[in-house]
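Visitor: I would like to go through this structure and ask how each label is earned.
Guide: Go ahead; the structure comes up next.

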Amino acid sequence: MTRAARLAVPTAAVLLLVSLPLWANSGVVFLAGVTMTSAVFALSWNLLFGYTGLASFGSAGFFSIGAYVSAVLLREGYGSLFLLVVVLAGLVGAAVSWLVGCVALRRSKGIHLAILTLALAELLRITLSHTRWLGSEDGLPNIPRPTLPFGFVSVDLAAGNNYYWFLCAACGVLTAALWWIAHGRFGRVLRSIRQDPERAAFIGIDVHACRLGAFTLSGGFGAAVGALYAPWSQIVTPDLGSMMHSTQPILFTLIGGATSFWGPMIGAAAFAVIDFGTRTLVGMSEIVTGSILLAIVLFAPHGLAGAWRRLAGARVRPNPNGNTAAGGAIGRPAMREGAW
Amino acid sequence: MVNRILDVRGVRKNYGAFEVLKGIDLDVEEGETFAIIGPNGAGKTTLFKVMTGEVGCNGGQVLFDGADVTRQPSFRRVRRGMGRTFQVARVFNEFSVFDNVLVAVEAQFAAAGVPSGPRHTVRPGSAAVDRTHELLDKLDLSARAGTPAQSLSHGDRKRLELAIALAGRPRILMLDEPTAGMSPSDRTAAADLIRRIRASERMTVVMTEHDMGVIFGLAHRIMVMNGGTRIACGTPDEIRRDPVVRSVYLGREAQDA
């Protein structure tokens, strides 16, 4: 693939998303916004799964922490500080994540970690549903969309589709940050840990500390995107932290492909399209959706991203080093020789 | 005075009721090549694991360069200058050969506090890249830099693992059966490689090995283990002459020879 061809798909996707309010109805725009937050949420989960080799089943807990922090502060009238609110939500999520990680990662991996994170997220959900000042079962409704002051001009995100475009930009920033983490030195360390933790320890990597770091980052990003979600949906409920919501990033990642950075995002988009396309098939939509997902898992074990890489790889000549431009473990091999 | 770089004192290890190591003492001097031999089940690999920190021990002490590392996890020992390879070469299969070495170089840089290049870019720093190329050259892997590690031949995997171990700038290299599963000609090449690296880096080497040709050709001193105890320790000549060793390990053939 030429560089132009590689850039064409993402560019088209970004243009499509940004221009959406100009030609689609508000229902589609709302779904697109939700999908964007889910996609970034899935990316944050895959930093743990696809990169570090840890499966958390309680990621929605962090999402709901961020959403509640954002909801409470916006309802209290801190809208003008919304950017700080998102950062604060991320920090709260990261702090809670760090605490959970200190306990959970010390001894438990694999299925034990899955169950433990699931249990803690459930604990949080039940606690929220019994906390009266957070609205108990009903959650917090009527979350106002903020107005952002930029020096002399201020942007009212409540007006028109402004919050949608803000969401595009904010999700873009979070995605860029995750991409930077995943492709830099720390990302390489995490991938080495996933492949062989013992070997990683024997090159001098503090495996526990790096796993804890990845867990903390994942929780922080999950909470930050939760904070962006709250004013978009304008209501948060304890169910945001439910097991169903925790399985969403897992589903997206499996559809899109865990071995690719963009896999979870592709999975989220594919799921949204399938879901939207089958919405009118009353009583049939679950069957159709389920069949499509089953087909993807059966016929594309590395997800859509893996299938795309295979298709693209077939058309690429091996480079002089003997590896194909489309090969590699995570996305394209970021550190191919000649890349610098 | 010669520096005693590794000092193992009365190390005991048991798995349940089964005692694998029954109080092992050994010391390795800086610059020498020290080999541990013994029949299957003698406890060589367990001793190796205790020395590198892969498993803990139930008694005794491991001193590395004068410091007690008995309770230290393996990554701390690696940062102190212990490099190791495994019986079955372990490399990062999904990485290219280049990335395998790069990740080890970067880990060493980070542990030593060497800046690894500008932070804002995801590309590895030029110092790390140069060091990686240097190691690949040294181990004749440059031509395979872009190859995924999982498609390497057995010998190349072994060499790659050695490159990963060397990336940590070890002062002592612990090799667990470096020629296991190799053809006779590959064994000779591997022994030459170890000799070359030992000479160029002035490195201490501790190794376990089954191949007597390799052992007697490389080692300055040899320790013989049997049933979790040390039955002899000395120069290759002393070991060859030792009657106890001959009876339990080298067997009848050696006595006749």
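Visitor: How many helices and strands does chain A have?
Guide: In this predicted model, chain A has 13 helices and two strands.

Visitor: What makes chain A as compact as a globular protein of its length?
Guide: The globule rule gives 20 Å for 340 residues, and the radius of gyration of chain A is 20 Å, so chain A is as compact as a globular protein of that length. The C-alpha trace spans about 60 × 50 × 50 Å along the principal axes of chain A.

Visitor: And what are the corresponding values for chain B, beginning with helices and strands?
Guide: Chain B has nine helices and 10 strands. For its 257 residues the globule rule gives 18 Å; the radius of gyration is 19 Å, which is close, so chain B too is as compact as a globular protein of that length. The C-alpha trace of chain B spans about 65 × 40 × 40 Å along its principal axes.

Visitor: What share of each chain counts as buried?
Guide: A residue counts as buried under 20% relative accessible area. By that cut-off, 51% of the 340 residues of chain A are buried, and 52% of the 257 residues of chain B.

Visitor: Why is A:Gly93 called buried?
Guide: The cut-off is under 20%, and A:Gly93 has 0% relative accessibility, so A:Gly93 counts as buried. This glycine sits in helix H4 (residues 82-107) of chain A.

Visitor: Which residues is A:Gly93 in contact with, leaving aside neighbours within four places in sequence?
Guide: A:Gly93 is in contact with A:Phe62, A:Ile65, A:Gly219, A:Gly220 and A:Ala223. A:Gly277 is another matter: 184 residues separate A:Gly93 from A:Gly277 in sequence, and their C-alpha atoms are 34 Å apart. Contact requires heavy atoms within 4.5 Å.

Visitor: Is A:Leu123 buried or exposed, and how do you know?
Guide: Exposed means over 50%. A:Leu123 has a relative accessible area of 54%, so A:Leu123 is exposed. A:Leu123 belongs to helix H5 (residues 110-129) of chain A. From A:Leu123 to A:Pro197 is 74 residues in sequence and 30 Å from C-alpha to C-alpha.

Visitor: What makes the phi of A:Ser136 worth a remark?
Guide: Most residues other than glycine have a negative phi. The phi of A:Ser136 is near 45°, a positive value, and the residue is not glycine. A:Ser136 is in the loop between H5 and strand S1 (147-150) of chain A.

Visitor: What is the phi of B:Arg202, and is that residue buried or exposed?
Guide: B:Arg202 has a positive phi of about 50° and is not a glycine. With a relative accessible area of 73%, set against the cut-off of over 50%, B:Arg202 is exposed. The loop that holds B:Arg202 runs between helix H6 (184-201) and strand S8 (204-208) of chain B.

Visitor: B:Pro170 is also in a loop. Why is B:Pro170 called buried or exposed?
Guide: B:Pro170 has 9% relative accessibility; buried means under 20%, so B:Pro170 counts as buried. The loop lies between helix H5 (154-167) and strand S7 (172-176) of chain B. Not counting residues up to four places away in sequence, B:Pro170 touches B:Gly81, B:Met82, B:Gly83, B:Ala165 and B:Met203. B:Val91 is 79 residues from B:Pro170 along the chain, with 17 Å between the C-alpha atoms.

Visitor: How many residues of the two chains are in contact?
Guide: Contact means heavy atoms within 4.5 Å. By that test, 28 residues of chain A are in contact with 36 residues of chain B. The area buried between the chains is about 3,200 Å², with 59% given by carbon and sulfur atoms. On the chain A side, A:Arg185, A:Arg199 and A:Phe202 lose the most area to chain B, together 24% of what that side buries.

Visitor: How far apart are the centres of the positive and negative side chains in chain A?
Guide: Chain A has 22 positive and 12 negative side chains, and the two centres lie 14 Å apart. In chain B, with 35 positive and 31 negative charges, the mean positions are 4 Å apart.

Key:
Residues numbered from 1 in each chain as written. Chains lettered and ligands numbered in written order. Predicted model: local features only at pLDDT ≥ 70, side-chain atom pairs only at ≥ 80, totals over all residues. Heavy atoms only, no water. Helix = DSSP H or I, 4+ residues; strand = E, 2+ residues; numbered from the N terminus. Rg over C-alpha atoms; globule rule 2.2 N^0.38 Å. Buried < 20%, exposed > 50% of the residue type's maximum accessible area, 1.4 Å probe, protein only. Lys, Arg positive; Asp, Glu negative; His and termini not counted. Charge placed at Lys NZ, Arg CZ, Asp CG, Glu CD. Buried area = accessible area lost by both parts, 1.4 Å probe.
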